[in-house]
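The following exercises are meant for a reader who meets this structure for the first time. Each one sets a task and then works through the solution step by step.

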Amino acid sequence: MGTSSTTTTTTSDTGPTAPDGSSFFGFEPYFGILGGYDSFDNRAEFNSFPNNRRLEGAQIEGVLGANLPIGPVFVGVEGFGAKGFGPINWEYGVRGRGGLRIGESGLVYGSFGRTWIDMKDNRGFVNRDDWVYGLGVEVGPRDIGLGGLTGQSGARLRLSVESYDLKSIRPMAGVIFHF
């Protein structure tokens, strides 16, 4: 009589995971729409605007990008275009992002890129381009207690603030759809 032994090995089809249980490495394309307000406060550079008006106004922005999650962190790149409702006609550019993954779909990040500003009325103000810096946070339904609403893909709320070469403040809020 012989004895037989059985060994059971469990393997995961998804590969290694991050501390929150999501995939350790992946690719997340996304698009979104945001709204906000851009206010240029540096009079030294922007004081030649006609009638001494402030260079400011509401904007609606579209973004298209991709994130590369790597364990508990991520890096990404996005392009953006914003239509202005004031003296600013268009703002557009590209920025890189990097930061921490929080929960299943949350992100806390910093961004850095280049932006171009196109004015509606160029009298006294030429179109400009310069560096843009920012901070932001994105939260998904599971991260705020609404588990199961969209699963791992779906919508995230984004809150961000940027500055055009530290001469403006641009708070934005909107929805990002990732898949």
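Two strands count as paired if DSSP finds at least two bridges between them. The model examined here is predicted.

**Exercise 1. Determine how the strands E1 to E8 are arranged, and describe how E1 and E2 pair with other strands.**

Step 1. Begin with the overall order. The strands form a closed barrel of eight, in the order E1-E2-E3-E4-E5-E6-E7-E8, with antiparallel pairing. From one strand to the next, the twist averages 25°.

Step 2. Recall the principle of pairing. Strands of a sheet pair through backbone hydrogen bonds, either parallel or antiparallel.

Step 3. Examine E1, which covers residues 28-40 and pairs with E8 in the antiparallel sense over nine bridges. Within this pairing, Gly35 stands opposite Ala173 in E8. E1 is also joined to E2 (residues 55-70), again antiparallel, by 13 bridges. Here Gly32 has Val63 of E2 opposite.

Step 4. Continue to E2 and E3. Strand E3 spans residues 73-85 and runs antiparallel to E2, with 13 bridges between them. One bridge partner in E3 is Val75, which belongs to Leu68. The two strands make a hairpin with two residues between them, and Gly71 in the turn has a positive phi of about 60°.

**Exercise 2. State where Arg101 lies, whether Arg101 is buried or exposed, and which backbone oxygen lies 2.7 Å from its side chain.**

Step 1. Locate the residue: Arg101 belongs to strand E4, residues 88-102.

Step 2. Apply the cut-off. Buried means under 20% relative accessible area. The value for Arg101 is 14%, and therefore Arg101 counts as buried.

Step 3. Identify the partner. A polar atom of the Arg101 side chain lies 2.7 Å from the backbone oxygen of Gly71. Gly71 is the turn residue with the positive phi in the hairpin of E2 and E3.

**Exercise 3. Describe the aromatic pair of Phe112 and Trp131 and its surroundings.**

Step 1. Choose the quantities. A pair of aromatic rings is described by the distance of the centres and the angle of the planes.

Step 2. Classify the pair. The structure holds four aromatic pairs. In the one formed by Phe112 and Trp131, the centres are 5.1 Å apart and the planes meet at 15°, which makes the pair stacked. Phe112 lies in strand E5 (residues 106-119) and Trp131 in strand E6 (residues 128-139), so the pair links parts of the chain 19 residues apart.

Step 3. Consider accessibility. Phe112, at 43% relative accessibility, is partly exposed. Trp131 is likewise partly exposed, at 37%.

Step 4. Widen the view. Ring pairs join Phe112, Trp131 and Tyr133 into a cluster. Over the ring of Trp131 sits the charged end of Arg114, 4.6 Å from the ring centre. Elsewhere, Arg97 lies over the face of Tyr109, at 4.4 Å from the centre of that ring.

**Exercise 4. Find which residues Met172 touches, and establish whether Met172 is buried or exposed.**

Step 1. Place the residue: Met172 is in strand E8, residues 168-178.

Step 2. Assess accessibility. Because its relative accessibility is 5%, Met172 counts as buried.

Step 3. List the contacts. Leaving out residues up to four places away in sequence, Met172 touches Leu34, Gly35, Gly36, Tyr37, Glu61, Arg158, Leu159 and Ser160.

Step 4. Compare sequence with space. Met172 and Tyr37 are separated by 135 residues in sequence, while their C-alpha atoms are 6.9 Å apart.

Notes. Residues numbered from 1 in each chain as written. Predicted model: local features only at pLDDT ≥ 70, side-chain atom pairs only at ≥ 80, totals over all residues. Heavy atoms only, no water. Phe/Tyr/Trp six-rings, centres within 6.5 Å; stacked < 30°, edge-to-face > 60°. Helix = DSSP H or I, 4+ residues; strand = E, 2+ residues; numbered from the N terminus. Buried < 20%, exposed > 50% of the residue type's maximum accessible area, 1.4 Å probe, protein only. Lys NZ or Arg CZ within 6 Å of the ring centre and 35° of its normal. Polar contact = N/O pair within 3.5 Å; in protein donor to acceptor, adjacent residues only side chain to side chain. Contact = heavy atoms within 4.5 Å. Axes fitted to C-alpha atoms, helices over the stretch in contact; angles between N-to-C directions.
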